[in-house]
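Here are some exercises to work through with the model open beside you. Try each task before you read its solution.

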Amino acid sequence: MGSDDGAPGLAGLPERYGDGAGRQARGTAAIEVKHLTKHFGGRTAFADVSFSVARGEVFGFLGPNGAGKTTTVRTLGTLIAPTSGSATIAGIPLTPENGVEIRRRVSIMPESPGLYLRLSVAENLQCFADLYQAPDPKDRIERALRAVHLADRAHDACGTLSKGLRQRVALARALLSDPEVLFLDEPTSGLDPVAARDVHELIDALRRSGVTIFLTTHRLEEAERLCDRVAILNTTLRTTGRPDELRDRLFAKTLTVRTLAPLPEPGRVFAGLPAVDSWHPDGPAGYVLAVSDPAAAAPAVTRALVAADADVLSISESHHSLEDVYLELIDQDQKASQQ
Amino acid sequence: MNVSKRRVRAIFRKELREYRRNGAIVATMAILPLIFLIQPLIEVFALPASASGALSHEDPLLYLLAIPALVPAIVAGYSVVGERQQGTLEPVLTTPVRREEFLLGKALAALVPSLAVSYAVYAFFLACVELFAHPGVASALVRGPDLLAQLLFTPLLAGWSIWVGIGISARSSEVRVAQQLGLLASLPSVAVTTLIALNVIHATLGLALGGAAALLLLNRLGWRITSAMFDRERLITGAR
């Protein structure tokens, strides 16, 4: 969703976000959740969830289907009342009396665009600009449409638009209110890669302009690319942190060594190295070394291998993706539930 | 509680635009009044001048009050559950709109076309009677008090029907069921106006004033009760 003026995705964003006004407020919490729980009768949607999202942060909310992600968004958006616990959104306590005030300051883009298909794009946005009581609605609508690169489709009926374009209209609708906190529930669900990339660019632009974004997604590479921090929910909150932090927390740092031929005495080569905590073979001529500092360990390992007269093919640091973290945690949950 | 006129107007305008572009709604709003118009017109045209004496003691045109009682029930039955089914309700409920504003917008959007249709049908009926019925029959049928009753009771009956319809729509999970229940709930008011039209219940000024006051109160109560029944969580999650 590149902009018309060459600054990708930035054209049309609300002016208050245009010069870093949001960034000044970074650091204070835009969302503060403490022990939030929601039951539907005997079923638990989510339980004892606590986290905090700083202003201007892009916070990823990950989890399998039925983990409670959408219910959490709906709860924080005041559509659903929590069973217990507390939360503060945009500085306002989450109570039934504060519903209107919270909804004034946040915007939610649900997974399904939910557009009035018989109405034009502009008519859809006009309705929502009025519901938000946006000042100068015409200008807001034009800016929101420019931001999602749809200015030329303003008078098309929404029913004639493709799924990707409808998603963009829904995103424009979410931008109309100039929100302090933007909840995006699976914003790229069902989009083709090009349309998904456009949405990513817009999220990037919003982040740069200081909007706090709460992003639920199934796409782990999307979360890894866009989010400052992520939380993994599986009814209860499994973990929260920066993607690299989570990797470090869950997986030991390792170096993988490949040699042309198996080492005659690998124990003698690796066991004596102070930088190597432990090692195990990985295939006929491969070795995985647990290290605390891969950058410091790699030269020492290289020297030891050369001294042992080994033909080294590669020494590489093992990389774990957010997907590995996610799958590891979900696997742990499945094993725990089977026991 | 402050009701924002701008939010009410936003819902109202959006609804009217949708109705205008939805052939099914336009057809439903047109067909019912036609059914109520054709048969009485044929009967009136066939009446001889001698019937005017009997007609002057009856109020057969009050039969047309069934139109404002029935027409909005269809639209009102669709109003909430229809949005829910097409997935447009959740985005609206995420905005700062209050439930009272949302419901008022919906109700006005059902009321305005219903009034337009009802008054237009009534005016058309009167014009046909004046032009084509026997002059004696026409003067017996077209009377000031009846005209006044029609003007007064049309919005009141439509309003009641709308609040019942929206209330049912807010608690239903299917459009068709909501519309059918809304129509059923409108039948008592149709029955009362028909009984008056057939002179089973004798129309008096006291009855008219009492009826109008009761309907006014019911309309106010209808708004309050429907607002109380409007549960965001239930509508979003489908929980019972």
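**Exercise 1: a four-stranded sheet**

Chain A has an open, antiparallel sheet of four strands, ordered E12-E13-E11-E14. Work out which strands of chain A sit at its edges, pairing on one side only.

Before you start, a word on conventions: this is a predicted model, in which local features need pLDDT of at least 70 and side-chain atom pairs count only at pLDDT 80 or more, while totals for chains, interfaces and linings use all residues. Residues are numbered from 1 along each chain as its sequence is written, with chains lettered from A and ligands numbered from 1 in the order in which they are written.

Solution.
- Step 1. Get the terms straight: strands (E, at least two residues) and helices (H or I, at least four) are DSSP runs numbered from the N terminus, and two strands pair if DSSP finds at least two bridges between them.
- Step 2. Read off the edges: strand E12 (276-281) and strand E14 (312-317) of chain A each pair on one side only.
- Step 3. Check the twist, which averages 20 degrees from one strand to the next. The strand axes behind such angles are lines fitted to C-alpha atoms, and angles run from 0 to 180 degrees between N-to-C directions.
- Step 4. Look inside the sheet: E11 (residues 254-259) and E13 (residues 286-291) of chain A run antiparallel and are joined by five bridges. One to find by eye is A:Thr254, whose bridge partner in E13(A) is A:Ala290.

**Exercise 2: a hairpin and some positive phi values**

How many residues lie between E1(A) and E2(A) in their hairpin? Then track down positive phi values in chain A.

Solution.
- Step 1. Strands E1 (residues 29-40) and E2 (residues 43-54) of chain A pair in the antiparallel sense over eight bridges. Across the pair, A:His39 stands opposite A:Thr44 in E2(A).
- Step 2. Two residues separate E1(A) and E2(A) in the hairpin, and A:Gly41 in the turn has a positive phi of about 60 degrees.
- Step 3. Keep the background in mind: most residues other than glycine have a negative phi.
- Step 4. A:Asp48, found in strand E2 of chain A, has a positive phi near 50 degrees. A:Ala90 also has a positive phi, near 50 degrees, and lies in the loop between strand E4 (84-89) and strand E5 (92-93) of chain A.
- Step 5. For burial, count other C-beta atoms (placed from the backbone) within 10 Å of a residue's own: 20 or more is buried, 12 or fewer is exposed, and in between is partly exposed. A:Asp48 is partly exposed because it has 14 such neighbours, and A:Ala90 is partly exposed because it has 17.

**Exercise 3: two helices**

Is helix H2 of chain A mostly covered or uncovered? And which residues does A:Glu224 touch outside its neighbours within four places in sequence?

Solution.
- Step 1. H2(A) (residues 69-76) is mostly covered, with eight of its eight residues buried. Among them are A:Lys69 and A:Arg74.
- Step 2. Just after H2(A) comes A:Thr78, with a positive phi near 65 degrees.
- Step 3. Now go to A:Glu224 in helix H8 (residues 220-226) of chain A. A:Glu224 is partly exposed because it has 19 other C-beta atoms within 10 Å.
- Step 4. Contacts here mean C-beta atoms, placed from the backbone, within 7 Å. Setting aside neighbours within four places, A:Glu224 contacts A:Pro243, A:Ser321 and A:Leu322. The C-alpha atoms of A:Glu224 and A:Leu322 are 6.4 Å apart, although 98 residues separate them along the chain.

**Exercise 4: how far to trust chain A**

Where in chain A is confidence lowest, and where is it highest?

Solution.
- Step 1. The score is pLDDT, the predictor's confidence in each residue, from 0 to 100. Chain A averages 87, and 92% of the residues score at least 70.
- Step 2. Helix H1 (residues 21-24) of chain A is lowest, at a mean of 39, and helix H4 (residues 121-131) of chain A is highest, at 97.
- Step 3. Flag the weak stretches: pLDDT stays under 50 over residues 1-10 of chain A and is below 50 over residues 15-26 of chain A.
- Step 4. Where pLDDT is low, the predicted coordinates should not be read in detail.

Definitions and conventions:
Two residues are in contact if their C-beta atoms, placed from the backbone, lie within 7 Å.
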